[in-house]
Amino acid sequence: SKKIRIGIAGYGNLGRGVESAVAQNADMELVGVFSRRPPASVSLLDASVPVYPWDDIENFRDAIDVLILCGGSRTDLPEQGPALARAFTTVDSFDTHARIPEYYAAVDAAAQAGGNVALISVGWDPGLFSLNRLFGEAILPEGATYTFWGKGLSQGHSDAVRRVPGVKGGVQYTVPVPQAVQRVRDGEQPVLSTREKHKRECFVVLAEGADQAQVRDAIVTMPDYFADYDTTVTFISEETLRREHNAMPHGGFVIRSGTTGTGNKQIMEYALALDSNPEFTSSVLVAYARAAYRLKQAGERGARSVFDVAPGLLSPKSAAELRKELL
Ligand SMILES: NC(=O)C1=CN([C@@H]2O[C@H](COP(=O)(O)OP(=O)(O)OC[C@H]3O[C@@H](n4cnc5c(N)ncnc54)[C@H](OP(=O)(O)O)[C@@H]3O)[C@@H](O)[C@H]2O)C=CC1
Ligand SMILES: N[C@@H](C[C@H]1CC(C(=O)O)=NO1)C(=O)O
């Protein structure tokens, strides 16, 4: 039967993860990868998959069913998301939480104009953790919700660090504050500020001639990413970055601690433990690409978040099979 034809827009950690995730889904095929860099400089896991110049992408409107956007949220997606949603049905992982309402509006206008579906902020946070925060609050109206990440590599914060002028390379690790986690697990339902829950540790390779103090200041004061956290910046060599910081593990959990009826304590928890943040996030993007395709086929138009997508649409199984096998 006809396969869902996938395109990848932007080839970094996520792009590579989507390439391997599509290969794990028999109802999908990868049409090609689009990069702003010269195609000859972009090496894929599967050398038989074509790499095309970014500017050729419009020629593929009839060859691609769903385009998965793998650019960075800090500066790429605000521009690429709306531009590409006009021409394609898209899925992206936009994760600058404070800016999601404005991003949703811009992508929705473009997708409506183009007659496409656009699933935004798909991944684990935002994404699967968002869904679990919603379940917690809807099911246990009396209670408190907590989200903890790490210790692990945040791709969004690492991308944001790499975009700072004077930064040649870098990564960011998110570290939960143990005392905060313990108080939540003890059922204290504490009120915790952003700064009390996590610390952020950046490891940066300075570009030739750049100033350390200026780069550190640009990072630690960065709105939406670092300004609300105690953040450290450590300068390292390119060799050290390559040798000691090439793995991208991450994880975390969402807890809803609530009470029902006669004062019974109820705890809901959803957790992730990831060897590879990008490969997991890409696997979420690919499952939602299946849903985006079906929503487009069903005549839906415009932007949607994970809150708007029925879970059954993610599965390659039919509704009847799901009722028989998973319900
Ligand atoms: N919602 C969620 O749970 C999650 C969201 N994310 C989001 O995914 C975004 C992308 O993450 P990630 O893939 O790690 O970002 P990368 O920095 O690896 O890639 C971002 C873009 O940079 C370009 N690029 C990649 N490698 C190079 C290179 N060597 N030289 C020059 N340019 C390069 C690519 O564009 P091009 O090919 O056009 O050059 C690519 O699309 C993050 O910003 C984050 O916001 C990530 C994880 C989870
Ligand atoms: N969007 C995050 C996914 C999780 C990780 C995270 C953090 O460490 O701050 N926040 O959300 C990422 O880019 O990795």
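Let's start with aspartate 92 and the company it keeps. Setting aside neighbours within four places in sequence, aspartate 92 is in contact with Leu69, Leu77, Tyr103, Leu119, Ile120, Ser121, Val122 and Leu285. Bear in mind as I go that this is a predicted model.

Where does aspartate 92 sit? You'll find aspartate 92 in the loop between strand E5, residues 90-91, and helix H3, residues 100-114. Is aspartate 92 buried or exposed? Its relative accessibility is 1%, and under 20% is our cut-off, so aspartate 92 counts as buried.

Now look at what the side chain of aspartate 92 does. One of its polar atoms lies 2.9 Å from the backbone nitrogen of phenylalanine 94. The side chain of aspartate 92 also reaches the backbone nitrogen of serine 121, at 3.0 Å. And if you like contrasts between sequence and space, try serine 282: it is 190 residues away from aspartate 92 along the chain, yet the two C-alpha atoms are separated by 9.7 Å.

One of those contacts, Leu119, brings us to the nonpolar core. The largest core has 42 residues, and the members touching the most others are Ile6, Val91, Leu119 and Tyr288. Which elements build this core? At least two residues each come from strand E1 (4-9), helix H1 (13-23), strand E2 (28-35), strand E4 (66-69), strand E6 (117-119), helix H4 (128-139), strand E13 (264-274) and helix H10 (277-297). H10 makes the largest contribution to this core, with 9 residues. As background, nonpolar side chains tend to be buried together in soluble globular proteins.

Let me zoom in on isoleucine 6. Not counting residues up to four places away in sequence, isoleucine 6 touches Val22, Met28, Glu29, Leu30, Val31, Gly32, Ile64, Val66, Ile68 and Ala289. There is also a second, separate core of 22 residues, and Ala9, Trp54, Leu67 and Phe88 are included in it.

Trp54 turns up again when we look at serine 35, in strand E2. Outside the four-place window in sequence, serine 35 is in contact with Val42, Tyr52, Pro53 and Trp54. Serine 35 is buried, at a relative accessible area of 3%. Its side chain reaches the backbone nitrogen of arginine 37 at 3.0 Å.

Serine 35 also leads us to the ligands. Of the 27 residues around ligand 1, those that come nearest are Leu14, Ser35, Arg36, Ser73 and Asp95. Which polar contacts does ligand 1 make? Among them are three I'd like to point out. Asparagine 13 has a polar side-chain atom 2.8 Å from an oxygen atom of ligand 1. Glutamine 155 places a polar side-chain atom 2.9 Å from an oxygen atom of ligand 1. Proline 126 takes part through its backbone, with an N or O atom 3.1 Å from a nitrogen atom of ligand 1. Taken alone, ligand 1 exposes 910 Å², and the protein buries 83% of that. By residue type, the shell around ligand 1 divides into 6 nonpolar, 13 polar and 8 charged.

On to ligand 2. The residues around ligand 2 are Asp95, Trp124, Asp125, Trp149, Ser154, Gln155, Gly156, His157, Thr174, Arg200, His250 and Asn277. An N or O atom in the side chain of aspartate 95 is 2.7 Å from a nitrogen atom of ligand 2. Oxygen atoms of ligand 2 have partners too: a polar side-chain atom of arginine 200 at 2.9 Å, and a side-chain N or O atom of histidine 250 at 2.8 Å. Alone, ligand 2 exposes 350 Å², of which the protein buries 93%. The shell around ligand 2 splits into 2 nonpolar, 7 polar and 3 charged residues.

Which helix gives the most to the shell around ligand 2? That's H5, residues 155-162, with 3 residues. H5 also gives the most to the shell around ligand 1, with 4 residues. And why is H5 described as largely enclosed by the rest of the structure? Because 7 of its 8 residues are buried. Those are Gln155, Gly156, His157, Ser158, Asp159, Ala160 and Val161. What covers the buried residues of H5 includes H1, strand E8 (152-153), strand E9 (167-176), strand E10 (198-206), helix H8 (212-220) and H10. That brings H10 back into view, the helix with the largest share of the 42-residue core.

Definitions and conventions:
Residues numbered from 1 in each chain as written. Chains lettered and ligands numbered in written order. Predicted model: local features only at pLDDT ≥ 70, side-chain atom pairs only at ≥ 80, totals over all residues. Heavy atoms only, no water. Core = buried A, V, L, I, M, F, W, Y, C linked by side-chain atoms within 4.5 Å. Buried < 20%, exposed > 50% of the residue type's maximum accessible area, 1.4 Å probe, protein only. Contact = heavy atoms within 4.5 Å. Near = heavy atom within 4 Å. Polar contact = N/O pair within 3.5 Å; in protein donor to acceptor, adjacent residues only side chain to side chain. Areas by Shrake-Rupley, 256 points an atom, 1.4 Å probe, with all protein chains shown as cover. Nonpolar A, V, L, I, M, F, W, Y, C, P; charged D, E, K, R; others polar.
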